[in-house]
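Visitor: I would like to know what stands behind the labels in this model. Please set each value against its cut-off.

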Amino acid sequence: MGAEAPGSGPALRELVREAEISLLECKVCFERFGHRQQRRPRNLPCGHVVCLACVAALAHPRTLALECPFCRRACRGCDTSDCLPVLHLLELLGSALRTAPAAHCAAPCGPGALTCHHTFGGWGTLVNPTGLALCPKTGRVVVVHDGRRRVKIFDSGGGCAHQFGEKGDAAQDIRYPLDVTVTNDCHVVVTDAGDRSIKVFDFFGQIKLVIGGQFSLPWGVETTPQNGVVVTDAEAGSLHLLEVDFPEGVLRRTERLQAHLCNPRGVAVSWLTGAIAVLERPLALEPGACSTTVKVFNATMQLIGQVDTFGLSLFFPSKITASAVTFDHQGNVIVADTSSQAVLCLGKPEEFPVLKPIITHGLSHPVALTFTKENALLVLDSAAHSIKVYKVDWA
C-alpha cells in the first residue's frame with residue numbers, strides 16, 4: 001500500500017479549511033492574511049489580530065487612535081506589531097493553501113452540496129446581528145442588529161440600501177431586537193425584547209404600529225402565506241397568530257395557537273404545506289448544559305413531528321444545539337447548529353429525523369436561516385457579523 005502523497009490526505013484538507021476559516025482570515029474585512037503589506041496580520045495590544053489595511057482604516061488619520069473592533073480597548077495604530085504566529089502558519093501551510101481550492105472541490109460533499117458563493121456585512125456594517133428576513137417582493141435582505149440603527153436592509157449585491165430603527169427608549173425606537181420578518185406587502189415586523197413589544201414599520205422605516213403589553217417576552221417572528229404574523233413568547237411558553245391591517249397600522253385580531261411550550265424561540269412557516277416549526281430551548285438543569293427541541297405542527301396545529309437534542313444524538317456522533325429553524329422549498333425542516341457550526345436537514349416532519357448535514361464548514365455561530373426564491377440559503381453568522389449565501393454546487 002503506497003504512502004499518501006503530501007497535501008492530499010483528508011486530515012490535511014480538514015486542517016487547511018479550519019485554518020483558513022479560523023486563523024488566516026481578517027474577521028473585520030474577511031480578506032485572507034498574507035505577506036503583502038496591506039494584508040499583513042497585526043497584533044493589537046489587547047491580543048486581537050486584524051490586517052494592516054483595517055488598522056489603517058480604523059485609526060484616526062492624525063492621532064492614530066483606534067479601538068479594537070472586538071473588545072473596544074483603546075490603542076494606537078503605531079502600537080501594533082506583526083503577528084508572527086500567523087505569518088509562520090502562512091509559510092507552514094503555503095503549499096497546502098495553494099492547492100486548497102482543488103482540495104475543497106474534492107471534499108466529500110457530493111453533487112448538490114451547498115457551497116458559499118458570497119458573503120456580505122462584516123464588523124461595523126453589522127454588530128452582533130440576531131435576526132434575518134427576506135422581502136418577498138424585492139428580494140432584499142433585512143437584518144436586525146445592535147447598531148445605532150437597528151434595522152439594516154441590503155440589496156441583492158450585499159450593499160446597504162437603507163437602515164432605520166433608532167436605538168433609544170421612545171416607543172418608535174428599538175431597544176433590543178431579537179428577530180425580524182417582512183410581510184407580503186413589504187412591512188417590517190421586529191420583536192423588541194427591550195420593552196417586550198412587537199413593532200411594525202413600512203419598508204422605508206416609518207413606524208406603523210407598536211403592539212405592547214400583550215407579551216412577556218416576544219422572540220421569534222415569521223410571516224404566514226396569508227400575511228399573518230406568528231410570534232413565540234419565550235417567557236409565557238406560547239405561540240400567537242396576529243392579524244394586522246398593515247397599511248392602516250391596526251391590530252385586527254390575536255389568537256393563541258399553542259400554550260405550554262418550553263421557552264420557545266425560533267419559528268418558521270412552510271409556504272408549501274402551512275406547517276409551523278417551533279424551536280424550544282428548555283431551561284438547563286445543570287450549569288453549562290443545553291438542550292433544544294424542534295416541534296412541527298400542521299396547519300390545524302396538530303403536532304406532526306418532534307425531535308430533541310438527545311434524539312438527534314442517536315443519529316449524529318456529536319451534540320446538536322439548534323439555534324434557528326426554517327423550511328426549504330420541498331417542506332424539509334432545516335436547522336442551524338451552533339455546537340458543530342453547521343446547518344442540518346432533518347427531513348420532512350413525518351419522517352423525523354432523517355439527518356443530513358448540508359453545510360459543515362465556514363460557519364462560526366449561525367443564528368438565522370432563510371431561503372430565497374432561487375433556492376439559495378442565507379445564513380446569518382453572528383460571530384462573523386455577516387450574511388453568507390450558499391448555493392447548490394452541481395459541479
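Visitor: What makes strand β27 mostly covered?

Guide: This is a predicted model, so every value here is computed from it. In β27, residues 366-371, 6 of the 6 residues are buried. Buried means under 20% relative accessible area. That count is why the strand is called mostly covered.

Visitor: How do you know that β27 pairs with β28?

Guide: Two strands pair if DSSP finds at least two bridges between them. Here 5 bridges join β27 to β28, residues 377-381. The cut-off is met, so they count as paired. The two run antiparallel. Phe371 has Leu377 in β28 as its bridge partner.

Visitor: What lies between β27 and β28 in the hairpin?

Guide: The hairpin has 5 residues between its strands. In the turn, Asn375 has a positive phi of about 70°.

Visitor: Why is a positive phi worth a remark?

Guide: Most residues other than glycine have a negative phi. Cys186 departs from that sign, with a phi near 65°. Asn227 is not a glycine either, and its phi is about 70°.

Visitor: Where do Cys186 and Asn227 lie?

Guide: Both are in loops. Cys186 is in the one between β11 (177-182) and β12 (187-192). Asn227 is in the one between β15 (218-223) and β16 (229-233).

Visitor: Why is Cys186 called buried or exposed?

Guide: Its relative accessibility is 14%. The limit for buried is under 20%. Cys186 therefore counts as buried.

Visitor: And why does Asn227 get its label, buried or exposed?

Guide: Asn227 has 18% relative accessibility. That value is under 20%, so Asn227 is buried too.

Visitor: How do you know where Ser386 belongs, buried or exposed?

Guide: Ser386 lies in strand β29, residues 386-393. Its relative accessibility is 0%, so it counts as buried. Leaving out residues up to four places away in sequence, Ser386 touches Phe30, Thr119, Phe120, Gly121, Gly122, Leu126, Val379, Leu380 and Asp381. A touch here means heavy atoms within 4.5 Å.

Visitor: Why are β7 and β10 at the edges of their sheet?

Guide: The sheet is open, with 4 strands in the order β7-β8-β9-β10 and antiparallel pairing. β7 (131-134) and β10 (160-166) each have a single partner strand, so one side of each is left without a neighbour in the sheet. Neighbouring strands of this sheet are turned by 20° against each other on average, direction ignored.

Visitor: What makes β9 and β10 a pair?

Guide: β9, residues 149-154, shares 5 bridges with β10 in the antiparallel sense. At least two are needed, so the pair qualifies. Val151 stands opposite Phe164 in β10.

Visitor: Which spans does UniProt list as repeats?

Guide: An unreviewed UniProt entry gives "repeat: NHL" for residues 113-157, 161-204, 212-245, 248-300 and 361-393. One of these, 212-245, is 0% helix and 59% strand. Its end C-alpha atoms lie 16 Å apart.

Visitor: How many helices and strands does the protein have, and what share of it is buried?

Guide: There are 6 helices and 29 strands. Of the 395 residues, 51% are buried. The protein exposes about 18,700 Å², with carbon and sulfur atoms supplying 53% of that area. Among contacts between residues at least 6 apart in sequence, 44% join residues at least 24 apart.

Methods: Residues are numbered from 1 along each chain as its sequence is written. This is a predicted model: local features need pLDDT of at least 70, side-chain atom pairs count only at pLDDT 80 or more; totals for chains, interfaces and linings use all residues. Side-chain values use heavy atoms; hydrogens and water are left out. Buried means under 20% relative accessible area, exposed over 50%, partly exposed in between (1.4 Å probe, protein chains only). Axes are lines fitted to C-alpha atoms, for helices over the stretch in contact, and angles run from 0 to 180 degrees between N-to-C directions. Accessible areas come from the Shrake-Rupley method with a 1.4 Å probe; for residues, only the protein chains shown count as cover. UniProt positions are given in the numbering used here, feature names are shortened, and annotations may be inferred rather than shown by experiment.
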